[in-house]
Amino acid sequence: MTSSIGEMLAAVVARAAVDFVDRNAYVRGGSAVHAVATVRWLGDLEVPAPLCHVGVSGGELAALRPTTAAVTCRRCLRKQGADELNALPMSEQLPLFPFRR
């Protein structure tokens, strides 16, 4: 078997793409559910990532877990233009930049 690195990476990307079809994502160590979009990863390869662009350093695909749960990340909801943003309790997610007094 003589596969090039490019072919192996393309296979990993293809598998990740299948895993996230019609799915949202949890980021390892987090409790918020993120919407998923694709981002450029290596060369021209595009991989699933949180729509809000937080929580995954360096495109680490193993940090994302697919889920059918509804999106709870406020930044993802805002980017989607969701009406349900105001319906979420404030305790769902900590603010990105805490207010200082």
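This is a guided tour of the structure above, stop by stop, with something to select at each one.

**Before you click**

The model is predicted, so be aware of the filters: local features need pLDDT of at least 70, side-chain atom pairs count only at pLDDT 80 or more, and totals for chains, interfaces and linings use all residues. Residues are numbered from 1 along each chain as its sequence is written, and side-chain values use heavy atoms, with hydrogens and water left out.

**Stop 1: the whole chain**

Start with a cartoon view. You should find two helices and five strands, in the order α-β-β-β-β-β-α along the sequence. Helices (H or I, at least four residues) and strands (E, at least two) are DSSP runs here, numbered from the N terminus.

Now switch on a surface. The chain's accessible surface is about 7200 Å², and 56% of that belongs to carbon and sulfur atoms; the areas come from the Shrake-Rupley method with a 1.4 Å probe, and for residues only the protein chains shown count as cover. The chain has 101 residues, 28% of them buried. Buried means under 20% relative accessible area, exposed over 50%, and partly exposed in between (1.4 Å probe, protein chains only).

If you like contact maps, take the contacts between residues at least 6 apart in sequence: 49% of them join residues at least 24 apart. A contact is heavy atoms within 4.5 Å.

**Stop 2: the sheet**

Select residues 24-27, which are strand 1, then 33-34 for strand 2 and 64-67 for strand 5. These three strands make an open sheet in the order 2-1-5, with antiparallel pairing. Strands 2 and 5 are at the edges with a single partner strand each, so one side of each has no neighbour in the sheet. Two strands count as paired if DSSP finds at least two bridges between them, and strands 1 and 2 pair over two bridges. For a landmark, show Tyr26 and Val33: the tyrosine stands opposite the valine in strand 2.

Generally speaking, strands of a sheet pair through backbone hydrogen bonds, either parallel or antiparallel.

**Stop 3: the core**

Next, show sticks for Ala32, Ala35, Cys52, Val71, Cys73, Cys76 and Leu77. These seven residues make up the largest nonpolar core, meaning a set of buried Ala, Val, Leu, Ile, Met, Phe, Trp, Tyr and Cys residues joined through side-chain atoms within 4.5 Å.

Centre on Ala35. Leaving out residues up to four places away in sequence, Ala35 touches Asn24, Ala49, Pro50, Leu51, Val71, Cys76 and Gln80.

Then move to His34, in strand 2. Is His34 buried or exposed? It counts as buried, because its relative accessibility is 6%. With the same sequence neighbours left out, the contacts of His34 include Asn24, Val27, Pro50, Cys52, Val71 and Cys76.

**Stop 4: three cysteines**

Select Cys76, which lies in helix 2 (residues 74-80). Its relative accessible area is 0%, so Cys76 is buried. Beyond residues up to four places away in sequence, Cys76 touches His34, Ala35, Leu51, Cys52 and Val71. Try a C-alpha distance to Cys52: 5.0 Å, for a pair 24 residues apart in sequence.

How many disulfides are there? Counting pairs of cysteine sulfur atoms within 2.5 Å, the total is zero. Cys52 is in no disulfide, its nearest cysteine sulfur being that of Cys76 at 3.7 Å. Cys73 is in no disulfide either, and the nearest cysteine sulfur is again that of Cys76, 3.7 Å away. Cys52 is buried at 1% relative accessible area, and Cys73 is buried at 0%.

**Stop 5: salt bridges and a loop**

Head for the charged side chains. There are two salt bridges, each defined as a side-chain nitrogen of Lys or Arg within 4 Å of a carboxyl oxygen of Asp or Glu.

- Asp19 and Arg15 meet at 2.7 Å, N to O. They are four residues apart in helix 1, so about one helical turn separates them. Asp19 is partly exposed at 30% relative accessibility.
- Arg40 bridges to Asp44, with the closest N and O atoms 3.9 Å apart. Arg40 is exposed at 57%, and Asp44 is exposed at 67%.

Finish at Asp22, in the loop between helix 1 (5-19) and strand 1. Its phi is near 55 degrees, a positive value in a residue other than glycine. Asp22 is exposed, with a relative accessible area of 72%.
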